[in-house]
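This briefing introduces a single protein chain to a reader who has not met it before. It begins with one residue in a loop and then widens to the chain as a whole.

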Amino acid sequence: MQSSEIVNPKAYPLADAHLTNTIMDLVQQAANYKQLKKGANEATKTLNRGISEFVVMAADTEPLEILLHLPLLAEDKNVPYVFVPSKQALGRACGVTRPVIACSVTSNEGSQLKSQIQQLKDAIEKLLI
């Protein structure tokens with residue numbers, strides 16, 4: 001993403017480059033462990049069912065409003081959420097060839113990603129303070 005691109009101010013909190021890389025890595029691992037739901041609708045379902053660890057959304061979604069119901073729902077359910085700059089990169093991290101505007105990493109007891117997910121949740125929550 002070029003720094004000249006203007007990110008919609010509604011896309012808050014936006015992850016910085018370092019956090020974005022960490023998020024993309026974990027999303028990729030979650031996809032490998034089948035702990036990932038791709039798309040705004042599936043992310044909504046995981047939030048409603050209470051199985052979402054955190055939600056990642058793309059800030060370059062056009063129009064952004066199609067996923068702005070997710071932060072409200074995530075706040076209601078006390079689930080951390082974060083925006084990343086690129087839907088294309090999020091799609092690649094999710095293991096698909098198409099852009100992905102939102103995804104949800106789901107909880108799984110005895111998962112090997114537990115500690116990494118917890119660290120990332122803490123980092124995301126720091127952004128919201």
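Lys34 is exposed, because its relative accessible area of 72% lies over the 50% mark. The model is a predicted one, and in it Lys34 sits in the loop between helix 1 and strand 1, the strand that spans residues 36–38. Although Lys34 is not a glycine, its phi is positive, at about 55 degrees.

**Unusual backbone positions**

- As background to the cases listed here, most residues other than glycine have a negative phi, and most peptide bonds are trans.
- Asn78 is a residue other than glycine with a positive phi, near 55 degrees, and it is placed in the loop that runs between helix 3 and strand 3, the latter covering residues 81–84.
- Is Asn78 buried or exposed? With a relative accessible area of 69%, Asn78 counts as exposed, since the value is over 50%.
- The peptide bond that leads from Tyr12 to Pro13 is cis, its omega being near 0 degrees, and Pro13 belongs to the segment before helix 1, a helix that takes in residues 17–32.
- A cis peptide bond is also found from Glu62 to Pro63, where omega is near -10 degrees; Pro63 lies in the loop between strand 2 (52–58) and helix 3 (69–76).

**Overall build of the chain**

- The protein chain contains 5 helices and 4 strands, and, read from the N terminus, these elements follow the order α-β-α-β-α-β-α-β-α.
- For 129 residues, a compact globule would have a radius of gyration near 14 Å, and the 13 Å of the protein chain agrees with that expectation.
- Taken along the principal axes, the box filled by the C-alpha atoms of the protein chain is roughly 45 × 30 × 25 Å.
- Of the contacts in the protein chain with a separation of 6 or more, 81% are between residues that are 24 or more positions apart.

**Surface, burial and charge**

- Buried residues account for 44% of the 129 residues in the protein chain.
- The protein chain has an accessible surface of about 7100 Å², and carbon and sulfur atoms contribute 49% of that surface.
- The protein chain carries 13 positive and 13 negative charges, and the mean positions of these two groups are 8 Å apart.

**The annotated domain**

- The unreviewed UniProt entry carries the annotation "domain: Ribosomal protein eL8/eL30/eS12/Gadd45", which covers residues 23–112.
- Over residues 23–112 the chain is 39% helix and 21% strand, while the C-alpha atoms at the two ends of this stretch are 16 Å apart.

**Three buried residues and their contacts**

- Thr106 is part of strand 4, which runs over residues 102–106, and it counts as buried because its relative accessibility of 8% is under the 20% limit.
- Which residues does Thr106 contact, leaving aside its neighbours within four places in sequence? The partners of Thr106 are Gln35, Leu36, Lys37, Thr46, Ile51, Ser52 and Glu53.
- Thr106 and Ile23 are separated by 83 residues in sequence, and their C-alpha atoms are 14 Å apart in space.
- Thr61 is located in the loop between strand 2 and helix 3, and with a relative accessible area of 3%, which is under 20%, it is therefore classed as buried.
- Apart from its neighbours within four places in sequence, Thr61 is in contact with Ile66, Leu67 and Ile101.
- Leu19 lies in helix 1 and is buried, because its relative accessible area of 11% is likewise under 20%.
- When neighbours within four places in sequence are set aside, Leu19 is in contact with Leu120, Ala123 and Leu127.
- Between Leu19 and Ser111, which are 92 residues apart along the chain, the C-alpha separation is 22 Å.

Technical notes
Residues are numbered from 1 along each chain as its sequence is written. This is a predicted model: local features need pLDDT of at least 70, side-chain atom pairs count only at pLDDT 80 or more; totals for chains, interfaces and linings use all residues. Side-chain values use heavy atoms; hydrogens and water are left out. Buried means under 20% relative accessible area, exposed over 50%, partly exposed in between (1.4 Å probe, protein chains only). Contact means heavy atoms within 4.5 Å. UniProt positions are given in the numbering used here, feature names are shortened, and annotations may be inferred rather than shown by experiment. The radius of gyration is taken over C-alpha atoms; the globule rule is 2.2 Å times the number of residues to the power 0.38. Accessible areas come from the Shrake-Rupley method with a 1.4 Å probe; for residues, only the protein chains shown count as cover. Lys and Arg count as positive and Asp and Glu as negative; His and the chain ends are not counted. The place of a charge is taken as NZ of Lys, CZ of Arg, CG of Asp or CD of Glu.
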